[in-house]
Amino acid sequence: MPPAPPGSSPTPADQRVRPGATLAVTATATALGTIAYTAPTASLVATAQAAHLGASGRTWILTGTLVGISALLLTAGSAADDHGRKRVFTSGVLLFAAAEALAASAPGGAVYLASRVLLGIASAAVLAPALGLISHAHPPGPGRIRALGVWGAAVGLGIAIGPLYGSLVQQWAGWRAVSGGIAVASAVLAAFAAAVLTESRAERPRALDPYGVLTLAAGTSSLIAGLAEGRTGWGRPTVLALLVVGVLLLAAFAVVEAKVREPMLDLSLFRDPGFIAATGGALFTGLSLVGFMSYLPTLLQGVLGLSGPAAAGVLALWSGLSVVSALQARRLATRLSATDQVVLGLLVCGAGEAGLYGLSPDSSWLRLAPGLAIAGIGSGVLNAALARLAVSSVPAHRAAMGSGANNTARYLGSALGVAIAITAAGSAHPGSRALAAGTDRAVLVATVLCFLGALLTLATKSRTAGSRTSQRPAPEPTEPAEPVGPAAAATKA
């Protein structure tokens with residue numbers, strides 16, 4: 001049985017840690033989460049029409065999930081560390097099944113959209129503890145690096161399967177069957193999670209941070225809602241009000257966390273170059289990659305006239321290769337630090353996205369294959385490296401909080417990235433050629449954001465160690481040293 005990480009409560013003798021089963025359950029749940037989120041992307045119009053939703057409703061099918069997940073990821077991570085990672089994770093999977101069951105039985109569009117928000121809340125409770133459970137079951141060393149690579153591959157696998165699953169099932173059995181199938185799979189997974197996972201938590205739970213929870217949840221929700229509504233016009237009073245309120249509440253969250261005795265997010269972590277690389281890398285991954293790729297199927301349908309399943313299949317070239325790349329990323333661990341891998345991943349993704357430039361209505365989808373393949377390889381490296389940084393840049397007993405912070409940055413970046421892609425691609429003149437020109441603009445913006453993210457991540461390596469160096473023990477000798485934080489990190493992923 002692996003020893004408990006420093007700062008975590010030891011595992012009771014009668015609870016055997018199952019590393020393989022833990023990885024299988026957490027990776028499967030992560031893949032299910034991304035499948036559920038991306039399932040409507042290639043059949044958005046058809047799903048919205050079937051649910052009697054208009055243009056605004058189509059926007060909120062995806063945005064509702066982002067609101068729920070971004071608002072509660074950090075809160076779920078802190079709750080998991082303090083009150084039990086297995087408890088929060090299993091509850092999240094059960095809530096996930098309930099949300100999808102509600103979507104499958106929704107009598108109308110309003111209930112369906114509410115189920116998508118609930119799906120985001122459930123996803124937060126699943127994603128935030130996942131890396132904490134994995135790090136507890138896998139001691140620092142090559143085994144943990146491999147496990148985190150598998151988790152990163154699960155992210156890409158869900159993105160690859162989701163649009164194909166959603167578009168095909170929607171055509172064959174209707175939009176309700178899409179959610180119904182995921183609900184059944186989630187219920188089965190919850191039973192496995194309850195049976196095989198081992199409980200773990202911090203030795204000393206921290207007090208609840210209610211003002212932090214409220215300001216973060218309200219701030220992220222307002223900001224994402226403003227970004228979603230802004231897609232149809234940034235100058236509207238409602239949009240401006242939501243964006244301003246969101247920024248002010250997030251600023252209030254920072255003030256609260258700086259003043260409370262036991263903050264949900266320790267702001268001193270931002271003196272750690274590793275934590276900055278983890279959150280900044282995740283933010284730019286969402287901005288430059290996830291946001292653009294989420295909108296790419298819509299662009300492909302508009303420019304090339306592809307069907308929903310065909311557009312999803314083209315996107316699967318990117319996401320499928322990210323799975324393979326994430327599984328192989330462990331081979332880079334002895335040569336490159338996780339921060340260097342984030343830089344490399346962003347640069348490769350930028351090169352791949354640049355290869356998508358020049359799409360026209362006369363193009364074949366094969367024209368996109370080289371760029372999507374290159375971007376897929378970079379995405380896999382990114383997913384694996386960001387998972388390592390998420391747990392290596394925080395103390396071991398705060399692993400779920402680190403995962404929550406990392407994923408919050410990723411999903412906030414994704415929401416902003418989609419808004420940027422839609423704004424860049426938008427055109428006052430309808431037609432596939434006008435949309436092709438807009439697609440080129442979106443490609444250029446995404447490429448620049450990739451390279452900018454790589455430069456900013458590289459800049460974190462020049463920062464000196466923070467004041468927490470003396471509080472964190474040296475890394476395990478089995479783990480390659482990484483310049484991702486103070487020289488003595490609590491655990492190295």
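**Aromatic pairs, cores and a buried helix**

The count of aromatic pairs comes to two. This is a predicted model. In one pair, the ring centres of Tyr-112 and Trp-175 lie 5.1 Å apart and the planes stand at 90 degrees, so the geometry is edge-to-face; the angle is over 60, the cut-off for that class. This pair links distant parts of the chain. Tyr-112 sits in helix H5 (residues 109-137), Trp-175 in helix H7 (residues 175-196), and 63 residues separate them. Tyr-112 is buried, at 4% relative accessibility. Trp-175 is buried too, at 10%.

The other pair is Phe-270 with Phe-275. Their ring centres are 5.0 Å apart and their planes meet at 85 degrees, so this pair is also edge-to-face. Here the partners differ in exposure: Phe-270 counts as partly exposed at 37% relative accessibility, whereas Phe-275 is buried at 1%.

Next, the nonpolar interior. The largest nonpolar core holds 103 residues. Within this core, Phe-89, Phe-292 and Met-293 touch the most other members. Helix H5 gives the most to the core, with 12 residues. Take Phe-292. Leaving out residues up to four places away in sequence, Phe-292 touches Leu-299, Glu-353, Leu-356, Gly-417, Ala-421, Ala-442, Val-443 and Ala-446. A second, separate core has 11 residues, among them Val-213, Leu-216, Phe-253 and Met-401.

One of the residues touched by Phe-292 is Glu-353, which is among the buried residues of helix H12. Helix H12 covers residues 338-354. At 1.5 Å a residue, its 17 residues should span 24 Å; the end C-alpha atoms are 24 Å apart, so expectation and model agree. How many of the 17 residues of H12 are buried? The count is 12, so the helix is largely enclosed by the rest of the structure. The buried set includes Ala-338, Thr-339, Asp-340, Gln-341, Val-342 and Val-343. Gly-345, Leu-346, Cys-349, Gly-350 and Gly-352 are also buried. A general point helps in reading such a list: an α-helix has 3.6 residues a turn, so residues three or four places apart point the same way.

Last comes Asn-383, in helix H13 (residues 369-392). Is Asn-383 buried or exposed? Its relative accessible area is 7%, so Asn-383 is buried, given that the cut-off is under 20%. The side chain of Asn-383 makes a polar contact of 3.2 Å with the side chain of Arg-410. Beyond its neighbours within four places in sequence, Asn-383 is in contact with Gly-152, Val-155, Gly-156 and Arg-410.

Definitions and conventions. Residues are numbered from 1 along each chain as its sequence is written. This is a predicted model: local features need pLDDT of at least 70, side-chain atom pairs count only at pLDDT 80 or more; totals for chains, interfaces and linings use all residues. Side-chain values use heavy atoms; hydrogens and water are left out. Helices (H or I, at least four residues) and strands (E, at least two) are DSSP runs, numbered from the N terminus. Buried means under 20% relative accessible area, exposed over 50%, partly exposed in between (1.4 Å probe, protein chains only). A polar contact is a pair of N or O atoms within 3.5 Å; within protein, one must be able to donate a hydrogen and the other to accept it, and residues adjacent in sequence count only if both atoms are side-chain atoms. Contact means heavy atoms within 4.5 Å. Rings of Phe, Tyr and Trp (its six-membered ring) pair if their centres lie within 6.5 Å; planes under 30 degrees apart count as stacked, over 60 as edge-to-face and the rest as tilted. The expected span of a helix is 1.5 Å times one less than its number of residues. A nonpolar core is a set of buried Ala, Val, Leu, Ile, Met, Phe, Trp, Tyr and Cys residues joined through side-chain atoms within 4.5 Å.
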